[in-house]
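I opened this notebook to record what I looked up in one structure. The entries follow the order in which I consulted it.

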Amino acid sequence: MPMKTTLGQRFRYWLENFMARGGAAIFISLLILFLTGLVLATLIRGIIVALDPDQDIMATFFDHFWRVFLGLTDPGTLGMEEGDFIWYKIVGTITIFIGLIIFSMLIAFITAQVEKTIYNFKKGRSHVIESGHTLILGWNERVFDLVRELIVAHESEKKASIVILAEKDKEEMDDEVAKIFPKSKHSKIITREGDTASLTELKRVNSGEAKSAIVLSGCPDSSSDEEKEISDTKTIKSILALLGCQKEDRRMTIVAELFSKEKRDLLDSLGFDDVISINSWEILGKLLVQTSLSSGLELVYSEILSFKGCEIYTFKAEWGDVSFGELPYHFVDGIPLGIIKSDHAVQLRPPNTAKLEETDSIFILAEDNSTIRYKKPSHGELKKYVLPEKETRRNMEKELILGWHSIGEIVLREYIDFLPEDSIIDIMIYKPSDQARKTIQAIQSGAKGLTINLLEKNPLSRENLLAIAPFSYNNIIILAQDEHDYTPEKVDSDTMLILLLLREIRKQTGIHEIQTKIITQVLNSENQELIEKTNVDDFIISNKMITKIIAQISENSDLKILYDQMFSEQGSEIYLKPISYYVDRFPFEAAFLDIIALAQQRDEICLGIRLAELVKDPARNFGVILNPKKNRKFTLNKADCLVVLAEDEL
C-alpha cells in the first residue's frame, strides 16, 4: 500500500531534489522568490492606493510598482514616501525587509559559489588540456626524484608537461612540488587528485594524449605482503584503465612498479607491447652486487642512466656493408653497444664481424641524440697491440652484509651467480626475524661452493664491528638495520652512523690503503652530500637510481630489454678493468680511438676510462670519463682502468 503524503511533504521533497541540481537551481529559486516578493508587495501597495482617496490607481500604478522594486533593491528609498498616509511607510518598511532577506540570500549564494569555484581551482577539477605529456599515477617516496629526472630529460624541449594523478590532497602536492622545484625550467608540473584506476579521472588528465605513463607502487617495500598485494592489484587496474583510454593512432609506453613476480609474468604473457613492469628492488639488488664487484661502477651507471652527460639512444641509418666492429669509427660522437633486430630482439655486444642488416637499429652511448651522425670513417690504420696473457681464475672473495631487508635476498642470490668458489659471505643482523633466518638458510642450502654465515650481532656497535675486522673483506654492503622500520630518515641515519664507525675503526687500526669497497643504499637523495663526506668509494642512492631507470624506460621503451641483459649474470655487463689487462708497459699513451680497438681485441666494447689520480675529485666525476672524443689522447698508468662492456670481469 503506497505511503500517504501531505502536500507539504511532496513540495518539500520536490524542492530538495530541485535544489540538489546545483548552483543554477538555487539561482532560479532566488529569482522566483524575488519576483514573488515583488508581485506580493505591489499588490499590497495597490490595495492601499485604492483606499487612498487622493490617489488615482490607474494613473499612478507604474509609479508605485517602480517604488516597490526600488524598495526591494535599495533600503534608502524609504525616505521617498511622502504624505501623512502611514500605510505607505509600513508597506515600504515591509518591502525593504523582504528585499534585505532576499539579497542577503543572494549574496550568500554568490559567496558560496565563488568559494566553491576557488575550491575547485585548488582541487584541480578542470580537464587537463596538455598533450604529449608524461603522466605519473600515484605518489610515493620516489616521485620527486622521478620528476627531477624528467625535468632534465625535457630540457631540450621548448614546452613539456608532467601530470601527476594521485589519491592525495592536491594542495599538499602543490605545496611539496613548489618547495622542491621552485623553478622547473621548461617543464610544467600539473597535479590532480583522484582515483588512479578510474576511467573518468584518467580521461580528466587526458591520458589518451599522453606520451608515456608511469604507475608507482602504492606502498614501500617494507610493507606487509597484504599491503603489497593491494598495491599490485591497484597497479594492474590502473594499467587496464590506461589501456582502455588509449587511442588507436596514439600508443604510449606504460611503466609500472609491481612487487609480485607472478603478476609481472602475467602482464608479459598478455602480449601488451607497450606495458613494461619492473621490480624496483630487484634492479637495486643487482646494482648493489655489480657495484661491489667493480669499483667505480656506480659512477658509470649514474651517468648512463641519467639524462645528464652521456646516455643511451636508439639510432638507425643506411648501414651499407658494415660490420659491428667497424661501427665505432663511423661516429664522431657515440659508441655502439648492440643491435636491435626488426623483431625487437637485442644483441648486446655482438661479434665484431656481425653484419648489420637494412632493418637493424642500434643502441649507442652518446652525448646527445642531436650529435649522432653516421659517416665514413676518417681515421688511418688502427694500431695493433700484443695483449698480455689473460687471467683465467678469480680469487675467492669475502663479502660482508650489515643489516637486512628483503633486498638482501636478491643480493645473496646475485652473489651466488657472480662469486667464485670458496668465497665467504658474512651477514651481521641484530635480532633477525624468523623469516630472515629461513631465507638465509634456504639460500645457503643451494649455494654450492660458497659459505654463508649469519652473525646475530648489532652492526651499530663499534665493538662488534672491530671483532670481525671489517677491512679484511673485499666489500661491505650496508642495508637497513631494522627490518620493520624502513623509513628513509631512519635507514639513512643508521647508515651514516655505521659509516662513521667504520671510518673511526680505520683510523684506530692505522689502515691507510683500503682495498675494501663500501656500498650502501641511501633512500633520501638529499643525504648524498653527507655520505660523500665519509669518503665512501662507491654508494648507491636507491630511489635516485631506480627513478633514473624508470624515467629512461618511459622515454624509450626499448631500453628495458637492454637493461635486463646488462643487469643479469648471463650475457654482457659493464666492468671497470685495470689497464694492465690490456697492455704491460707504462705509461701507455694512445688516442681513445686506439683504446677502442685495443678493447675490441678482447671482444669488448670500451665506453671510457677511469683515471686513478682523480678518484677523490668529485668535480672531475671521480676520474670517470665516458665517451670522450675519439681523437683525444690519454696517458694511462697501471692504476688506471678501462670502462668496458664485457662477458666477465677477467
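The entries below concern a sheet, a helix lying across it, and one buried residue.

**Entry 1: the model.** I note at the outset that this is a predicted model.

**Entry 2: the sheet.** I looked up the strand order and found β16-β21-β18-β19, an open sheet of four strands with antiparallel pairing. I then identified its edges: β16, residues 573-578, and β19, residues 624-626, each pair on one side only. I also noted the twist: on average, neighbouring strands of this sheet are turned by 30° against each other, direction ignored.

**Entry 3: one strand pair.** How many bridges join β18 to β21? I found five between β18, residues 605-610, and β21, residues 641-646, and the two strands run antiparallel. Within this pairing, I605 stands opposite L645 in β21. I add as background that strands of a sheet pair through backbone hydrogen bonds, either parallel or antiparallel.

**Entry 4: the helix.** I checked what helix α11, residues 297-304, lies across, and recorded β16, β18, β19 and β21. The helix runs at about 135° to β16.

**Entry 5: residue E311.** I located E311 in strand β7, which spans residues 311-315. Is E311 buried or exposed? I found that E311 is buried, yet it has no salt bridge. K211, the nearest side chain of opposite charge, is 11 Å away, whereas a salt bridge requires the charged atoms to lie within 4 Å. I did find a polar contact of 3.1 Å between the side chains of E311 and Y313. Leaving aside residues up to four places away in sequence, I listed I304, S306, I364, L365, A366 and Q552 as touching E311.

Note on methods. Residues are numbered from 1 along each chain as its sequence is written. This is a predicted model: local features need pLDDT of at least 70, side-chain atom pairs count only at pLDDT 80 or more; totals for chains, interfaces and linings use all residues. Side-chain values use heavy atoms; hydrogens and water are left out. Two strands pair if DSSP finds at least two bridges between them. Axes are lines fitted to C-alpha atoms, for helices over the stretch in contact, and angles run from 0 to 180 degrees between N-to-C directions. Contact means heavy atoms within 4.5 Å. Buried means under 20% relative accessible area, exposed over 50%, partly exposed in between (1.4 Å probe, protein chains only). Lys and Arg count as positive and Asp and Glu as negative; His and the chain ends are not counted. A polar contact is a pair of N or O atoms within 3.5 Å; within protein, one must be able to donate a hydrogen and the other to accept it, and residues adjacent in sequence count only if both atoms are side-chain atoms.
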